[in-house]
Amino acid sequence: MEKKILDVTCGSRTIWFNKHHPAAIYCDKRHEESSRIWKSGDGTSERFCSITPDVVCDFTDLPFPDNTFSLVVWDPPHLLHVGDSSWLVKKYGKLDDNWPQMLHDGFLECMRVLKPDGVLIFKWAESDIPADKVWRAIGEKPLFGHHSGKQSKTFWGCFMKLEEFTNEQKR
């Protein structure tokens, strides 16, 4: 099957129902397996985190040609204020102070590898940074989106590579 879908920050593929979908390429900058007793309900439960991308790469510098994928999925790290060895960092990664530039560059890369009229699905947890700051950093708002989660702090947004974006890239 042709690979039409790119997940640029797959992590442990928690958002996927089929974690090995045949039309998808899964990318992450990490390839690691972690097992440890992290703080949990009873304090004794062992947790496992398996990050096994098909391609190891950074979402700000994707190794794919322009206009390759019909769908790009992007669930970047969203945490600033968390310990380096925490379960959340193992599972989702961590941002640094350069996060606005990193997200801006990552957005441009996601749009670059999308085919014209391709769709970017963006997931953002507003734990530390509100979505409106993210939109300012990347320079664009999603076409539409939805808040979800226990406290509605996770935002799902949809972008599309429209002709005007393609023309701006050519300049």
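In the predicted model, F64 and F69 are both buried. Their ring centres are 5.3 Å apart and their planes stand at 85 degrees, so the two residues form an edge-to-face pair. A second aromatic pair, that of F122 and W124, is stacked, with a distance of 6.1 Å from centre to centre and an angle of 5 degrees between the planes. F122 counts as buried because its relative accessibility is 0%, and W124, with a relative accessible area of 0%, is likewise buried. The count of aromatic pairs comes to ten. F122 and W124 also belong to one aromatic cluster, whose further members are F59, W74, F107, W135, F155 and F159. Elsewhere, an aromatic ring is met by a charged side chain: R13 lies over the face of Y26, 3.8 Å from the ring centre.

The setting for these contacts is a protein chain whose secondary structure comprises four helices and nine strands. In sequence order, these elements follow the pattern β-β-β-β-β-β-α-α-β-α-β-β-α. The radius of gyration is 16 Å, close to the 16 Å given by the globule rule for 171 residues, so the protein chain is as compact as a globular protein of that length. The C-alpha trace spans about 55 × 35 × 25 Å along its principal axes. Of the 171 residues, 44% count as buried. Among contacts between residues at least 6 apart in sequence, 61% join residues that are at least 24 apart.

The largest nonpolar core contains 32 residues, of which L6, V72, W74 and L120 touch the most other members. Two or more residues are contributed to this core by each of β2 (24–28), β6 (69–74), α2 (99–113), β7 (114–125), α3 (131–138) and β9 (154–160). The largest share, seven residues, is that of α2. The surroundings of V72 illustrate how distant parts of the sequence are brought into contact: when neighbours within four places in sequence are left aside, V72 is in contact with L6, V8, C110, V113, L114, V119, L120 and I121. Another core, of seven residues, lies apart from the largest one and includes C10, W16, Y26 and V73. Y26, a member of this other core, is the residue whose ring face is covered by R13.

Helix α3 has A131, V134, W135, A137 and I138 as its buried residues. Viewed down the helix axis, these buried residues fall within an arc of 160 degrees, so they line one face of α3. An α-helix has 3.6 residues a turn, so residues three or four places apart point the same way. The buried residues of α3 are covered by elements that include α2, β7 and β9. One of these buried residues, W135, is also part of the aromatic cluster. After α3 comes G139, which has a positive phi, near 90 degrees.

Positive phi values are also found at residues other than glycine. N67 has a phi of about 55 degrees and lies in the loop between β5 (55–56) and β6. N67 is partly exposed because its relative accessible area is 36%. D117 likewise is not a glycine and has a positive phi, of about 70 degrees; D117, however, is located in strand β7.

Two further buried residues share contacts with W124 and A125. T154, in strand β9, is buried with a relative accessible area of 17%, a value that falls under the 20% limit. Beyond residues up to four places away in sequence, T154 touches K123, W124, A125, H146, H147 and S148. H78 is placed in the loop between β6 and α1 (87–92) and counts as buried, its relative accessibility being 7%. With neighbours within four places in sequence left aside, the contacts of H78 are Y92, L95, W124, A125, S127 and D128. W124 is thus touched by T154 and by H78, and is stacked with F122.

Definitions and conventions. Residues numbered from 1 in each chain as written. Predicted model: local features only at pLDDT ≥ 70, side-chain atom pairs only at ≥ 80, totals over all residues. Heavy atoms only, no water. Phe/Tyr/Trp six-rings, centres within 6.5 Å; stacked < 30°, edge-to-face > 60°. Buried < 20%, exposed > 50% of the residue type's maximum accessible area, 1.4 Å probe, protein only. Lys NZ or Arg CZ within 6 Å of the ring centre and 35° of its normal. Core = buried A, V, L, I, M, F, W, Y, C linked by side-chain atoms within 4.5 Å. Contact = heavy atoms within 4.5 Å. Arc of directions from axis to C-beta. Rg over C-alpha atoms; globule rule 2.2 N^0.38 Å.
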